[in-house]
Amino acid sequence: MNDRLKRRKTRLFAVIAVTAVMVCSSLTWRQAHLQAQVPDQTDASHPLSDCGRCHTCANPRPGNLCLPVCSRMQVRTAEFKQQQGPDFVLLDIIRSEDEGVDRFGPVPFDHSGHADFAAISGGCELCHHYTPERQAHPSCRTCHPPELQRDDIQKPSLKGAYHRQCMGCHREWSHNTRCDACHIQKIGEEPGVITAEDALGHMTPPIPEPETEIYEPRSEPTIGTKVIFRHAEHIHRFEFKCAECHRGDNCARCHEAGKKHVQKIRTMGEHHQDCSNCHAKDVAEGGNCARCHWSEGQPSPLPFDHTATGWPLSRFHKDKSCRGCHKKIPYTALDHDCGSCHTDWEPDTFDHAVTRQILDENHSEFDCEDCHEDGAFDKPPTCTECHDEDEGIAFPAMRPGPVVKP
Amino acid sequence: MSEHVLPVPVNRKFFTRGVFLLIVLAAIMACIAVYRFLFVGLAGATNLNQEYPWGIWISIDVATGVALAAGGFTTATLAHIFHREHYHAIARPALLTAMLGYTFVGIGLMFDLGRPYNIWHPIILWHGNSVLFEVGLCVVCYLNVLYIEFLPIVCERFQDDLRFPAIARYCKWLLPILGKVMFLFVIAGTVLSCLHQSSLGNLMVIAPSKFHDLWDTPICSLLFLLSAFMVGFPMVIFESMYTAWCFKIKPEMEILSPLSKYTLFFTGLYLAVKVTDMLIRGSYVYLTEGSIQSYAFTVEMLFGVAVPFFMLLSPKIRNTPRLLFIAALLIVLGVVMNRVNVFLIGYQPPYATVSYIPSIFEVAVTIGLGATLMLVYRAIVTFLPVISHPDLVARKA
Amino acid sequence: MGVSRREFLRVVGASGVAGSVVGVATSSAEGSGAVVPSDDLMGVLVDVPKCIGCRRCEFACKEAAMQASAARGETKEAERFKPDAIEAFEDKSVFDDEGLRRPEPHCYTKINRFPNPEQPDKPFFTKVNCLHCVDPACLSACIVKAFRKLDDGPVIYDAWKCMGCRYCMVACPFGIPQYEYDNLWTPQVRKCTLCADEGNPNKGKVPACIKICPAEVMTYAKRSDLLAVAHEKIRNEPDVYQDHVYGEHEVGGTSWLYLLPHQYSIEELGFLELDSKAPPRLTEAIQHGVFMKFFPPAAWFALLGSMMWVSRPGADQDGEPTGEGHH
């Protein structure tokens, strides 16, 4: 009896237990399945679903679109000219929100300095990215309000806009996010009148200029394994400004000279772009590759020699700047006729003393062609018009007047 | 059904060599307690860090402590609720183990808490959404239930003690009252145990991204409950045989052998649910990943569940004291390992740069707590009527 | 079928082996809805590619926490929060020396640097701090409800309630709460408060880190508005951002939202790939299923009581076995 009861109870117990386990597992997995289907609660935010995001009135129509001033991120209708803007701007609109405490002070901004270098990367419109029609140069505040908490969170506030604009470049080359790199930090006292001098004091340290760069092209060299570029020659002798060659360049290339910087892989054309602006003929098919390329073990290409152009520079021209004569970039061959450059040299007004040869009374009244046959001013003059060569009167042994000591 | 043997105090010499060892371990723990609470705090005493906020004090002292104290409610349910009078002999030792176990869980928790003086806060600051709150509140209630269940044992001891007539009178008055209402507490004990044993398994489910998929399952609480059912009787078997060995009395195989049949059932059930869960979730793919977690899981399941299950299938093993002891021990260690795996090994914080290895102090406290528990257990069975054994009665008579 | 099935489940559950069976069964029958972010919820949109890594936010955060501690009279704590001079935060070597930088008990936010493969001189920076979940796991986990979520979003901590169990640290999917292990008597869980803690000078205003940020990487506004802006930015500049707003769906949504650069995966930037379901939804469903206004425990109690009655000694001698009728 006892045993039977015991058996029955055990059986009942087992049945309940097993049922429970089965029910439990099946339900758990059903639940897990339900939980996997999380309702998708995305996207009531498509711009087309909300006209009021752009249009300020209920019924925009052609002619009256009710678009706010800053409707788009980027608009450009005006061409900027370098040096068009002010030389110096004091940025002092934003005050720190802390009651009465301005932690960082205003920023003296050297506009002309930035404009000079703007061409290297981005141009004026890098900063002046929004110039809608009839608003040649809206102030930053037009779109970027100075308040930190604002209705329109699409665009950064004035503070954010300034810092993104400035730090975007500055941190790239200086790796420096120090506040006092731009701000005149107030330490206790009023800084007094802030002038452009304060901005200059914040300028970047001088950049070391490379003298001569020698590259070893990674691609299969067909015309020599090395390439020479005389950087110093280009800036000091040819007088190129940074922005004339460096366009859209990586800041670190100059600001961190010596440090290996990663450059993207470029095509042959892209590789030669910087040079071909001037050296178009050399770079072109059948050009003079040896101008820059040479092979190991051979002498490297020589620096530029003006004589090779067929015009050895005389004492008058050798100290002149390239741009004194070659007005256009790239530099091209000039007419040998003096008048082609010295347009102001007229026979009536010409002062022969500039050639260091003063004409004495006897010679001063001659026409140019009397001595300079056929107007060949680059050749020694002939005296045979008046003088007999047999008497030993010839240039330069005998001169038509005193010589100016250099 | 065996004839009733009344429980009596063991009445053996208390101070033995083993007891001295326990005292030394307990004393070391006491020193560390002073060091931890008065001088260095958690930073100096533990190797816990920002990524591993829980160490062995939680995974062993608390989580494992709760699991191993499951013998109390399983035995009480069997003996008192299902009225298997046959097992009354083991009800009291199991109750004592549970009572001490939970008490030491509380003490262990005090070590781990940053502000142990606030340990009572859950009683007033209820937070029904918190799994830990449920665990905490149930443990507190159950601890009180256990103390009430233990009260008759104390009363029995003192009701005839002529040295304290007032206490004896009070005990005599209390005993019949307790006897009448005890069934309420016994049932409450089982309900509370089921609740917190299962909720304990729900603790880590809140951190699915850190919890290794081998253990992270929505039915983790069911698994914890089933493993508590599973480990209850083996713990009683282990402890009964160990006590018998300590006091040099014969293990009561006629009680323990049939008890192991229940264990066989619960072990099989646990194994089945665990394997089913693994198959459904597909978590078996992690078994071969070669990580410490995969090995820990394999060892836990193989030696902690599967091997003892197949051992217990054999009646010969169930009736052989030594082999039964081994099987019970394997199950106990398996559950220990499971708790440590869930709370420590399976916890993989994503930003951890160093892994957690318990400090010497943490280990010493954990050992010390175990030693103190055994010491108190021995003291209580020596002086209070807990163990009923024919040998002891015969000796007394 | 629903009702009868639920009834059936209750019966089976109540007479089954475990309370947890009831829990899982009922929770699956009734489901558990995700917490929907309210309209008042404020948020922060972090435009990660815009960050210049100046670490001013770390400074401002420490300063605000210091002022808050001082205002609460915790002078010793205030001392620990005290930041170095602002120039000291200019030190970039920390990015190289400290590995992946994580918050510390007295530094709620940290910046990490990741190289930019396309523009090596413009590395990316990410900001780590509490994301202020819509449905915070730390809050759900806390045994004494020491965490509160304010209506406008901040999840803040009441130290006086805390007993130091550190379950919040276990629960947080982002590993944010930091513990003052070295504080002997009054250790606290520390994490970003979104400057909404008592005594914080920025309470009710723009949080300190957002206010100081020069590049305005972070925008503090209504979360719903920020999400709209974030998606528009992604549409306008697909070559800058990846098409994913981190924090929109992760763990049920967070108040902090991140626009990430497309060059990296989420994990490469130190963020975690997380499920869109808030972890507390599962644990609380199980939890409330087990309790369900104390019905299952009471049923379990009654069932055990009846079993005790049925199997009492001498019960089966009263008459014939009663078969399957009782339960």
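**Figure 1. Chain B as a whole.** With 397 residues, chain B would be expected to have a radius of gyration near 21 Å if it were a compact globule, and its value of 21 Å agrees. Please keep in mind as you look around that this is a predicted model. Along its principal axes, the C-alpha trace of chain B spans about 65 × 55 × 45 Å. Its secondary structure is easy to describe: 14 helices and 0 strands. Read from the N terminus, the elements therefore run α-α-α-α-α-α-α-α-α-α-α-α-α-α. Buried residues account for 51% of the 397 in chain B. If we take the contacts in chain B between residues at least 6 apart in sequence, 80% of them join residues at least 24 apart.

**Figure 2. Helix α4 of chain B, largely enclosed.** This view follows α4(B), which covers residues 88-112. At 1.5 Å a residue, its 25 residues should span 36 Å, and the end C-alpha atoms are indeed 36 Å apart. Of those 25 residues, 20 are buried, so the rest of the structure largely encloses α4(B).

**Figure 3. Helix α10 of chain B and its bend.** Here we meet α10(B), a helix of 22 residues running from 292 to 313. From its first C-alpha to its last it reaches 30 Å, close to the 32 Å expected at 1.5 Å a residue. Look for B:Leu302, where α10(B) bends by about 30°. The buried residues of this helix include B:Gln293, B:Ala296, B:Phe297, B:Glu300 and B:Met301. Further along, B:Gly304, B:Val305, B:Pro308, B:Phe309, B:Met311 and B:Leu312 are buried too. A helix has a simple rhythm that helps in reading such a list: an α-helix has 3.6 residues a turn, so residues three or four places apart point the same way. And what do the buried residues of α10(B) pack against? Their partners in chain B are α9 (253-281), α11 (315-319) and α12 (321-345).

**Figure 4. Where chain B touches chain C.** In this view, 52 residues of chain B are in contact with 56 residues of chain C. On the chain B side, α1 (17-45), α5 (121-124), α6 (131-158), α7 (165-202) and α8 (220-247) each supply at least two residues. Which of the helices gives the most to this side of chain B? It is α7(B), with 10 residues. Sorted by character, the residues of chain B that touch chain C divide into 31 nonpolar, 17 polar and 4 charged.

**Figure 5. A proline of chain C and its surroundings.** C:Pro173 sits in the loop that lies between α7 (167-171) and β6 (178-179) of chain C. Is this proline buried or exposed? It counts as buried, because it has 24 C-beta neighbours inside 10 Å. Leaving aside its neighbours within four places in sequence, C:Pro173 is in contact with two residues of the other chain, B:Ala207 and B:Ser209. Within its own chain, its contacts are C:Ala137, C:Val251, C:Leu272, C:Leu274 and C:Pro279. One of these, C:Val251, is 78 residues away along the chain, yet the two C-alpha atoms are separated by 8.1 Å.

**Figure 6. Strand β3 of chain C, covered on both faces.** For background, chain C has 11 helices and 10 strands, and buried residues make up 54% of its 327 residues. Strand β3(C) covers residues 124-128, and 5 of its 5 residues are buried, so it is largely enclosed by the rest of the structure. C:Phe124, C:Thr126 and C:Val128 lie on one side, with C:Phe125 and C:Lys127 on the other. The strand β2 (residues 110-114) of chain C pairs with β3(C) in the antiparallel sense over 5 bridges. Within this pairing, C:Asn112 has C:Thr126 as its bridge partner.

**Figure 7. A three-stranded sheet in chain A.** The last view shows an open sheet of 3 strands in the order β5-β6-β7, with antiparallel pairing. Its edge strands are β5 and β7 of chain A, each of which pairs on one side only. Strand β5 (residues 212-215) is joined to β6 (residues 226-230) by 4 bridges; among the residues involved, A:Tyr215 has A:Val227 as its bridge partner. On to the other neighbour: 2 bridges join β6(A) to β7 (residues 293-294). There, A:Lys226 is partnered by A:Trp294, and A:Val227 stands opposite A:His293.

Definitions and conventions. Residues numbered from 1 in each chain as written. Chains lettered and ligands numbered in written order. Predicted model: local features only at pLDDT ≥ 70, side-chain atom pairs only at ≥ 80, totals over all residues. Contact = placed C-beta atoms within 7 Å. Nonpolar A, V, L, I, M, F, W, Y, C, P; charged D, E, K, R; others polar. Rg over C-alpha atoms; globule rule 2.2 N^0.38 Å. Buried ≥ 20, exposed ≤ 12 C-beta atoms within 10 Å, placed from the backbone. Expected span 1.5 Å × (residues − 1). Bend = angle between axes of the 7 residues up to and from the residue. Pairing = 2+ DSSP bridges.
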